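Here is a protein chain to explore together. Have a look at the model first, and then we'll walk through it piece by piece.

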Amino acid sequence: MTRRFLLPLLELVAVLFLVSIGVFLLLSLVPGDPAVAVLGEGRSPQEYDALREQLGLDDPLLARYADWLGGVLHGDLGTSLVPPQTDVLDRIASAFPVSLELAVLGLVLALLIAVPLAMWSAYHQGGRADRAISAVTFGLLSMPSFLIGIVLIAVLVNSLGIFPRNEWVRPGDSLAGNLSHAFLPALTIALMEAAMFTRILRNDLVTTLHEDFILAARARGMSPLRIMVSDALRPSSFSLVTVLGLSIGRLVGSTVIVEYLFALPGMGKLVIDAANQGNYPVVQGAVLVIAVVYVGSNALIDRSYGLLDPRTRRARA
């Protein structure tokens, strides 16, 4: 029992350690002089020297990494180099909830769309409904997210005026206003994710429906809906759960196009703005947080397999 929990924990720590090394080396991989990249050309040598000292660029690489990692372990991700020179952690704390809410709402909407469609498509395998759903999902997967967002804005905002397109409203200010502003960006994400989820779950359901225990359930006279929900869905969800775990971490940092399109102050926008400004502490801190979320969500998904199918618990034991 101790080994089952200790080994995955050690693996997680090792992965996070490697991630921290990669994130730290971001500053070292910047071409040219980082001080010039931040301050621009034409500054005095004293200003460049002061910034190099602030960044620790004159120290040995290992010493800089140890100092940076020590700060990270104590919750100190550094200070922004671009005014306002606030703590990096404060900027991330402001941007992260926006991206997290967008990712979670998008995935919830995607599951609400994908699961019924996949069940219907699998049960009517080869029929008109199956072919129609496959065609729609293939078309959505072929469309870039920004195009879906533009179409939604043109129809639901500009033409019909159903949803607003103003500045982001935080949940603490107005929950209703927050949800009204978050729905369209979340739907933009959800449509592409739902298309992928539908195809994955549909294929696994088709395989499961030919298993002996499903044939036995049909022989006992169980209704198709009950067979789908109680018997077929859970063992068919492994691939879906794996992709879902990957999507959670990926969407937190990769929604930059959607965030720019809808003017949302999330992590993607934070990273792009900081990179354009040469604000490397913010880039390092934001990328580290995104990587930790990605690794952590996949670790949790890996541990959830036993809940979906008890056979995996017996296999690991």
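Which residues make a nonpolar surface patch of about 680 Å²? Keep in mind that you're looking at a predicted model. The patch is built from F146, L147, I150, V151, V155, L160, I162 and I257. Helix α7, which covers residues 145-159, gives the largest share of this patch, with 5 residues. One patch member to click on is V151, which sits in helix α7 and is partly exposed, with 41% relative accessible area.

**The whole chain**

Now zoom out. The protein chain has 16 helices and 0 strands. It counts 317 residues, and 41% of them are buried. Its accessible surface adds up to about 16,900 Å², with 66% of that belonging to carbon and sulfur atoms. What about contacts along the chain? Taking the contacts with a separation of 6 or more, 71% are between residues 24 or more positions apart.

**What the record says**

An unreviewed UniProt entry lists the feature "transmembrane region" at residues 12-30, 102-123, 135-162, 182-201, 238-262 and 282-301. Two of these spans can be described from the model. Residues 102-123 are 100% helix and 0% strand, with the end C-alpha atoms 32 Å apart. Residues 182-201 are also 100% helix and 0% strand, and here the end C-alpha atoms lie 27 Å apart.

**A helix with two sides**

Next, find helix α10, residues 224-232. Which of its residues are buried? They are I227, M228 and A232. Looking down the axis of α10, you'd see these buried residues fall within an arc of 95 degrees, so they line one face of the helix. A bit of general background helps here: an α-helix has 3.6 residues a turn, so residues three or four places apart point the same way. On the other side of α10, L225 and R226 are exposed. And what do the buried residues of α10 pack against? Their partners are α5 (88-123), α8 (175-208) and α9 (212-219).

**Three residues to compare**

Here are three spots worth a click, each with its place in the chain and its relative accessible area.

| Residue | Where | Relative accessible area |
|---|---|---|
| A182 | helix α8 | 0%, buried |
| N279 | loop between α13 (267-277) and α14 (280-303) | 0%, buried |
| A263 | loop between α12 (256-261) and α13 | 47%, partly exposed |

Start with A182. Leaving aside neighbours within four places in sequence, A182 is in contact with E101, L102, L105 and W168. There's also a long hop along the chain to try: A182 and L264 are 82 residues apart in sequence, yet their C-alpha atoms are separated by 9.0 Å.

Is N279 buried or exposed? N279 counts as buried because its relative accessible area is 0%, even though N279 is found in a loop. If you again skip the neighbours within four places in sequence, N279 touches S80, L81, V82, R91 and A274.

Finally, A263 has a backbone quirk. Its phi is near 55 degrees, a positive value in a residue other than glycine. This residue sits in the loop between α12 and α13, and A263 is partly exposed at 47% relative accessible area.

Definitions and conventions
Residues numbered from 1 in each chain as written. Predicted model: local features only at pLDDT ≥ 70, side-chain atom pairs only at ≥ 80, totals over all residues. Heavy atoms only, no water. Buried < 20%, exposed > 50% of the residue type's maximum accessible area, 1.4 Å probe, protein only. Helix = DSSP H or I, 4+ residues; strand = E, 2+ residues; numbered from the N terminus. Arc of directions from axis to C-beta. Contact = heavy atoms within 4.5 Å. UniProt positions renumbered as here; feature names shortened; annotations may be inferred. Patch = residues over 30% accessible without salt bridge, like charges linked within 9 Å, V, L, I, M, F, W, Y side chains within 5 Å. Areas by Shrake-Rupley, 256 points an atom, 1.4 Å probe, with all protein chains shown as cover. Salt bridge = Lys/Arg side-chain N within 4 Å of Asp/Glu carboxyl O.
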